[in-house]
Amino acid sequence: MERLGTGIGWRPEIAAEIAELPGVDWVEVVAENVCPGHLPDALGELRERGTTVIPHGVSLGLGGADRPDPGRLTALAERAEALGAPLVTEHIAFVRAGGPLTASPRMEAGHLLPVPRTHDALDVLCENVRIAQDALPVPLALENIAALINWPGEEMTEGQFLAELVERTGVRLLIDVANLHTNHINRGEDPATALDELPVEALAYVHVAGGVERDGVWHDSHAHPVTQPVLDVLAELCARVTPPGVLLERDDDFPEGGELAGELDAIRAVLKEARHDRAA
């Protein structure tokens, strides 16, 4: 597995700050927000400095009943090639419904919606993943998502669902520890149990992000500082495996560069402590 190091989600609003942050080994960009022939100058300058750039898709909807749209797959492949990316990432989610095979018009959710953890849903997901893998020029990694609800009649835990997905498709995993924390608060799921069941050898990299709890509900906002409970889940993961890469996400209410640097340092401290504990 390629070693990525410590990274940050690249956003135009903090492009100048990212360019000055020390020790940033790589960045991730939302695939749908970049055009292969017209990359932002700041992103191009990072690439010229040798910074790895990975496209992170949000619109394939691999968990939906429809097969992946060929146009979306082609666009994602073009971005991977334009960025010289070692892999591309997407989500285990569905994002649209309806269409010609139903009695309703096609609807876009505008949100990442959870896939039921059932064998039937897994069958659909696995076939969609195989189609995507065949269309992409580099390996694919999929991210676990945050959710507010459980579907009725679920047959597997999060960890079991991901483990079987990996076994059947060989897809890599992008584990978001903030999403594991979110599902702990909102769905009563123990992050340690999920981590115990994961095939950690499939880990491509890790997301860390901030959020906030209101009235007993955790909002995965990406607009608040990273909290200690999220760092604790990162530590739990690092006790099991050394992540090839860890990335800080921030999507709104962007802080000054010094605060971003402090959050990256906190992530590095968790990684360093885990390495020390594993060596002891």
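The largest pocket holds about 750 Å³ of space. This is a predicted model, so-called local features need pLDDT of at least 70, side-chain atom pairs count only at pLDDT 80 or more, and totals for chains, interfaces and linings use all residues. Residues are numbered from 1 along each chain as its sequence is written, and side-chain values use heavy atoms, with hydrogens and water left out.

## Pockets

Rolling a probe the size of a water molecule over the atoms shows where empty space is left. The search runs on a 1 Å grid over the protein atoms alone; a pocket is an open set of points with protein on both sides within 12 Å along at least five of seven lines, a cavity is a set where a 1.4 Å probe fits but cannot get out, and lining residues have an atom within 4 Å of a point. Points are joined across faces, edges and corners, and a volume is the space filled by probe spheres set on them.

The largest pocket is lined by 35 residues. Nearest its centre lie H91, H111, L112, D220 and H222. Four elements give two or more residues to this lining: β5 (94-97), β6 (107-113), α6 and β11 (217-219). Helices (H or I, at least four residues) and strands (E, at least two) are DSSP runs, numbered from the N terminus. Strand β6 gives the most, with 5 residues.

The second largest pocket has about 350 Å³ of space. Its lining has 23 residues, and G64, A65, D66, R96 and A97 are the closest to its centre. Here β5 and α4 are the elements that give two or more residues.

## Cavities

There are 2 cavities of 30 Å³ or more. The largest has a volume of about 100 Å³. Its lining includes I92, P114, N144 and R187. Helix α5 (residues 158-169) gives the most to this lining, with 3 residues. The second largest cavity has a volume of about 50 Å³. Among its lining residues are L173, I175, P199 and V241.

The table sorts each lining by class. Ala, Val, Leu, Ile, Met, Phe, Trp, Tyr, Cys and Pro count as nonpolar, Asp, Glu, Lys and Arg as charged, and the others, Gly among them, as polar.

| Space | Nonpolar | Polar | Charged |
|---|---|---|---|
| Largest pocket | 13 residues | 13 residues | 9 residues |
| Second largest pocket | 11 residues | 6 residues | 6 residues |
| Largest cavity | 6 residues | 1 residue | 3 residues |
| Second largest cavity | 9 residues | no residues | no residues |

## Helix packing

Helix α6 (residues 177-187) and helix α8 (residues 228-238) pack at about 115°, with their axes 8 Å apart. Axes are lines fitted to C-alpha atoms, for helices over the stretch in contact, and angles run from 0 to 180 degrees between N-to-C directions. Helices α6 and α8 are therefore roughly perpendicular to each other. Angles under 35 degrees count as roughly parallel, over 145 as roughly antiparallel, 65 to 115 as roughly perpendicular and the rest as oblique. In α6, V177, A178, L180 and H181 make the contact; in α8, P229, V230, V233, L234 and L237 do. Contact means heavy atoms within 4.5 Å. By class, the contact of α6 with α8 has 8 nonpolar, 1 polar and no charged residues.

Helix α4 (residues 119-135) packs against α5 at about 45°, with axes 10 Å apart. The two helices, α4 and α5, are therefore oblique to each other. Residues of α4 in the contact include H119, L122 and D123, and those of α5 include F161 and E164. By class, the contact of α4 with α5 has 6 nonpolar, 3 polar and 4 charged residues.
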